[in-house]
Amino acid sequence: MNLKIYDILIIGGGPAGIFAASLAKIKGLKPMLIEINNDLGGQPLLLYSEKNIEDYPGYVRIKSCELISNLIQQFKSLDIPLLLKTTILNCKLIKNIFHVNLNNKKNIKTKTIILATGPGIFIPTTLQIKGSNHPKVQYYVRNIDIYHNKKIIVLGGGDSAVDWANKLSQITKKITIIHRRDAFRALGNNVNNLKKNGVKILLNYQILEIVNQSLVCKNNSTQKIVKIPFDYIIVQYGQVFSKETFKFVRNLNVDKNNRIPVNAAQATNLSNIYAIGNVCTYEGKPSSIICAHGEAAVAVRDILNKLKPYDQSKPH
């Protein structure tokens, strides 16, 4: 049993949650951060780690993975308690202290909670064929360098699949994109770039199985079977979201889009529970990392004022 009482429990290890934890520690509060995944980073790291961010202050542009790395470096330098692969079973308020029971059988006590869970847990649409548990079948691109001069197969026909095929074509000329329909759903200009970048295109193909280091597929028109050798298969069939990340909080107001309405202090309808980032909503809210960081600053300031109110009577 953990008897320590934290000032803030931050739930969610994306950009909003990481910065909220760091800022809380800088301001003299005692935060703890928990994250359901194996790593910190959230949506930017999972879905577009190699994409450039061009609207973050101080950078002409910065890769998403680099910005996340900077945030994590700051977080780690502050020695903040962190629990990964952790989910919340239930939460009870007892004498103004939240008692939070975790899946690892730990009990966390905290004065306040910040929800920074984003739109939910990202669950990739997986490849459902024989051999799909092959260790070189991947659903996220986290380190583009490992694909240098490798034989890559990208599966999918949307923007994400086409974007990654074009991106990876800059570091390998052995890349194939396969789509089950006879036309891509991605933006036309990006589709045109596939040919310019030398990407081999297989349209109207059904994926059958993986045998050793080859992907077996069939042309839906000719019924011809082909085997394509690979070093890596990158599956881009889309994402679904599990929206159970804050269901442990009873009586929390949630709108029809499963977003949490907050006031000007980022506070929810429940006392001492806040929401920041993509999980929250208010009139005129932009959706960006810089906005999430501003919301983190607002929430931490309000909590600081509650827990450690500034005494005007004390000398400066």
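Is K85 buried or exposed? At 55% relative accessibility, K85 counts as exposed; buried means under 20% relative accessible area, exposed over 50%, and partly exposed in between (1.4 Å probe, protein chains only).

This is a predicted model, in which local features need pLDDT of at least 70, side-chain atom pairs count only at pLDDT 80 or more, and totals for chains, interfaces and linings use all residues. Residues are numbered from 1 along each chain as its sequence is written, and side-chain values use heavy atoms, with hydrogens and water left out.

**View 1. K85 and D79, two loop residues with positive phi.** K85 sits in the loop between strand 5 and strand 6 (88-94). Helices (H or I, at least four residues) and strands (E, at least two) are DSSP runs, numbered from the N terminus. K85 is not a glycine, yet its phi is positive, about 50°. D79 occupies the loop between helix 3 and strand 5 (82-83). Its phi is near 55°, again positive in a residue other than glycine. D79 is exposed, with a relative accessible area of 66%.

**View 2. An open sheet of three strands.** The order is 14-15-16, and the pairing is antiparallel. Two strands pair if DSSP finds at least two bridges between them. Strand 14 (205-211) and strand 16 (225-229) are the edge strands, each pairing on one side only. From one strand to the next, the twist averages 30°. Axes here are lines fitted to C-alpha atoms, for helices over the stretch in contact, and angles run from 0 to 180 degrees between N-to-C directions.

**View 3. The hairpin of strand 15 and strand 16.** Five residues lie between the two strands. Q223, in the turn, has a positive phi of about 65°. Five bridges join strand 15 (residues 214-219) to strand 16. V216 stands opposite K227 in strand 16. K218 has I225 as its bridge partner. Which residues of strand 16 are on its covered face? They are V226 and I228. The uncovered face holds I225, K227 and P229. In a regular strand the side chains alternate between the two faces of the sheet.

**View 4. N204, a buried loop residue.** N204 lies in the loop between strand 13 (200-203) and strand 14. N204 counts as buried because its relative accessible area is 19%. Its side chain makes a polar contact with the side chain of S221, at 2.8 Å. A polar contact is a pair of N or O atoms within 3.5 Å; within protein, one must be able to donate a hydrogen and the other to accept it, and residues adjacent in sequence count only if both atoms are side-chain atoms. Not counting residues up to four places away in sequence, N204 touches H179, R180, R181, D182, K218, N219, N220 and S221. Contact means heavy atoms within 4.5 Å.

**View 5. A parallel open sheet and helix 4.** Five strands run in the order 10-17-11-12-13, with parallel pairing. The edge strands are strand 10 (137-138) and strand 13. Four bridges join strand 11 (residues 152-155) to strand 12 (residues 175-179). I152 stands opposite I175 in strand 12. Helix 4 (residues 159-168) has A161, V162, W164, A165, N166 and L168 as its buried residues. These pack against helix 2 (42-47), strand 11, strand 12, helix 5 (188-196) and strand 17 (232-235).

**View 6. The largest nonpolar core.** A nonpolar core is a set of buried Ala, Val, Leu, Ile, Met, Phe, Trp, Tyr and Cys residues joined through side-chain atoms within 4.5 Å. This one has 29 residues. I8, I10, L29, F75, I114 and I276 touch the most other members. Strand 1 (5-11), helix 1 (15-26), helix 3 (64-77) and helix 6 (289-307) each give two or more residues to this core. Apart from it lies another core, of 25 residues, among them F246, L252, V262 and I273.

**View 7. Cysteines without a disulfide.** How many disulfides does a search of the whole structure find? The search finds zero. A disulfide is a pair of cysteine sulfur atoms within 2.5 Å. For C280, the nearest cysteine sulfur is that of C291, 7.2 Å away. C280 is buried, with a relative accessible area of 1%. C65 also counts as buried, at 19% relative accessibility.
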